[in-house]
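Visitor: I would like to go through this model with some care, moving from particular residues to the chain as a whole. Could you guide me, and keep each answer tied to what can be computed from the atoms or read in a record?

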Amino acid sequence: MTTTGTLVLLGAGAAVLLYLLYLLGQVLGRVLEALAVVAVVFIALWLVCKATAITVVWLARHWRTTATVAGVAAWCWLFGWPSLLVTAVVAGVGLGWWRMASVPTFDRLAGRRLRAWWLRWAFYAPRLPRWLRACHLTVPDPGTPVVLQVNPLARTSTAPRHRPRRDQIPRVLGVRSGPSWDEVRVRLVPGQTPEAFDEAARALAVARGVARCQVRELAPNVVSIDFQRRNLLAGVTAAPAVEHLAGVNGAAVDLRRVWSGRTEYGTDWHQSLIGGHTLVAGATGAGKGSLMWAPLLAIAPAIRDGLVRVNGIDPKGMELAYGRRLFHRYTVTSRDTLEMLDELVESMEARKRAHAGSVRTVPITRETPLELIEFDEIGALIRYVGDRKTREAITERIALLTTQGRALGFTVRGYVQEPTKDTVPVRELFPRRVCLRVASKSHVGMVLGDHAYDRGAWANRIGESEAGVGYLFGEGIREPLRVRAGWVSDEAIKALEGFVSGALPRTAAAPVLALPSPTEHEAGGAA
């Protein structure tokens, strides 16, 4: 075969191959075009379903806003926008008149819900992310590149600024607004712990521009950042007049719920005088006397009727001496105190022998009254005053009363200025503790526990003009509670002394119970 024939055959073969490839390309093109159409349709459907799901979830999560927008749109479509404007003006005027006529009722039924909605969308939602970033409460991106810039004069390294992702910053779930507090619920992101928010409470308070901020753990990944807008304890809380209790039967006094003052939430503060012992710590002038006298005034009918016997230990010989006739036993010196404590321990042992095996808790009656021991300046007699053996004996008696007296009707309430372990070696035997104004941050931890200060018990920041203001923490209280004890004047103490000793007349026309009625405030509406 000649060279020409070979070339012709090769050319014909190449033409056939190219034609086949052309046909194959057309087939593959149709197949790829069909696959592309299917992919586009599938992706479009997937995006539509995802957008629909996101929209439904958002509308369901923010159902109040959704219902409001839908209602406004329906109103405008049915009746026109002028009627909506007139209705809004009338409603605004009505709400304003309602607020002027009765602020408590307005705030309880409508004001706090409107305020919570406004604060969430106009205040906390746009500002809280900035505060969290400033307080280092976001999760950094470990993969952020660093740009190195080199010039003849200097070499600098910078990280490019970028917007944090949703998985790096906590999200606001809702806001509740009360008379004095705003509760902002946020969901933590992976890598965060509630303890980190506890440690940043002071920084968050500064960022918000408020005096107090505390963090509450609602769920493993949800916390409530509470900001105090108003200080409801700025004014003095007056204790009730003892004359109003003349017609009250002592048995009607609930010793497990004794009025003692007010809380920072605007509610009455009640504490139990049975079932536990209380240690109150505070500097000079912090208001320890208010925490002592206010509960005694509230249980005056029970003291008068012999259901409660108050025993006073007064190393200074001044505070309790002003109401001397109120006390069944009263001592000043260390030797007399030891004798009184021996009597109390012997009485406790007698009750134990009489009721062992029959009851778990000795009932409070005239035969077995509540023995209330008011120990003023407890550190004086167990640390400073008297000889070493007497101090050790007093400490031993106090330990016996605090460890065994709960079920037998013996309650110890101690008051101290310096709450160190050396001053009060039996400090851990007092389950209930109140920390008033103290000089050092470390004293807060000594009284309320190691984590009390991080959770908002800033007792070292209480002002000298806020006598009776303190913090409760522990024994069922998850977050520090700020309270102010009722103030009892010198005249009220003398009136209480006369009431208990029978110097005041008992008038049958007096009300059955004249203690301040609790003024409960709801937490507020969620936005």
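Visitor: Leaving aside neighbours within four places in sequence, which residues is S180 in contact with?

Guide: This is a predicted model, so the contacts are those of computed coordinates. S180 is found in the loop between β3 (171-177) and β4 (181-187). Once its neighbours within four places in sequence are set aside, S180 is in contact with F227, Q228, R229, R230, L232, E264 and Y265.

Visitor: Is S180 buried or exposed?

Guide: The cut-off for a buried residue is a relative accessible area under 20%. Because the relative accessibility of S180 is 1%, S180 counts as buried.

Visitor: Which backbone oxygen lies 3.2 Å from a polar atom of the side chain of S180?

Guide: S180 and Y265 stand 85 residues apart in sequence, yet their C-alpha atoms are 6.5 Å apart in space. Both E264 and Y265 are among the contacts of S180. The backbone oxygen that lies 3.2 Å from a polar atom of the S180 side chain is that of E264.

Visitor: Which residues does UniProt list for "binding site"?

Guide: The record is an unreviewed entry, and its annotation of a "binding site" is reported here as it stands there. In that entry UniProt lists G282, A283, T284, G285, A286, G287, K288 and G289.

Visitor: In which helix is K288 found?

Guide: K288 belongs to the residues that the unreviewed UniProt entry lists under "binding site", and G289, also in that list, lies in helix α7. The helix that spans residues 288-298, in which K288 is found, is α7.

Visitor: Is K288 buried or exposed, and which backbone oxygen does its side chain reach?

Guide: With a relative accessible area of 10%, K288 is under the 20% cut-off and is therefore buried. Not counting residues up to four places away in sequence, K288 touches V280, G282, A283, E377, Y415, V416, Q417 and L436. Its side chain reaches, at 3.3 Å, the backbone oxygen of A283.

Visitor: What is the phi of E377, and what is that of H136?

Guide: Most residues other than glycine have a negative phi. E377, one of the residues that K288 touches, is found in the loop between β12 (370-375) and α10 (378-384), and it counts as buried because its relative accessibility is 10%. H136 has its place in the loop between α4 (103-134) and β1 (147-150), and it counts as exposed because its relative accessibility is 71%. Although neither is a glycine, each has a positive phi, of about 50 degrees for E377 and about 60 degrees for H136.

Visitor: Which residues line the largest cavity?

Guide: A search of the whole structure finds one cavity of 30 Å³ or more, and about 50 Å³ of space lies in the largest cavity. The lining divides into two nonpolar, no polar and five charged residues. By name, the lining residues are P194, E195, D198, V215, R216, E217 and R455.

Visitor: Which elements give two or more residues to that lining?

Guide: P194, E195 and D198 are among the lining residues, as are V215, R216 and E217. The elements that give two or more residues to the lining are α5 (194-199) and β5 (213-219).

Visitor: How far apart are the end C-alpha atoms of residues 34-60 and of residues 72-98?

Guide: For "transmembrane region", the unreviewed UniProt entry lists residues 7-28, 34-60 and 72-98. In the model, residues 34-60 are 100% helix and 0% strand, while residues 72-98 are 96% helix and 0% strand. The end C-alpha atoms lie 39 Å apart for residues 34-60 and 23 Å apart for residues 72-98.

Visitor: Which residues does V447 touch, not counting residues up to four places away in sequence?

Guide: V447 has its place in helix α12 (residues 441-448), and because its relative accessibility is 1%, V447 counts as buried. V447 and R427 are 20 residues apart in sequence and 8.1 Å apart in space, C-alpha to C-alpha. The residues that V447 touches, beyond four places away in sequence, are A281, P419, R433, V434 and C435.

Visitor: Among contacts between residues at least 6 apart in sequence, what percentage join residues at least 24 apart?

Guide: The chain has 13 helices and 16 strands, and of its 527 residues 42% count as buried. Among contacts between residues at least 6 apart in sequence, the share that join residues at least 24 apart is 69%.

Terms used:
Residues numbered from 1 in each chain as written. Predicted model: local features only at pLDDT ≥ 70, side-chain atom pairs only at ≥ 80, totals over all residues. Heavy atoms only, no water. UniProt positions renumbered as here; feature names shortened; annotations may be inferred. Helix = DSSP H or I, 4+ residues; strand = E, 2+ residues; numbered from the N terminus. Buried < 20%, exposed > 50% of the residue type's maximum accessible area, 1.4 Å probe, protein only. Contact = heavy atoms within 4.5 Å. Polar contact = N/O pair within 3.5 Å; in protein donor to acceptor, adjacent residues only side chain to side chain. 1 Å grid on protein atoms, 1.4 Å probe; cavity = no way out; pocket = protein on both sides within 12 Å on 5 of 7 lines; lining within 4 Å. Points joined across faces, edges and corners; volume = space filled by probe spheres on them. Nonpolar A, V, L, I, M, F, W, Y, C, P; charged D, E, K, R; others polar.
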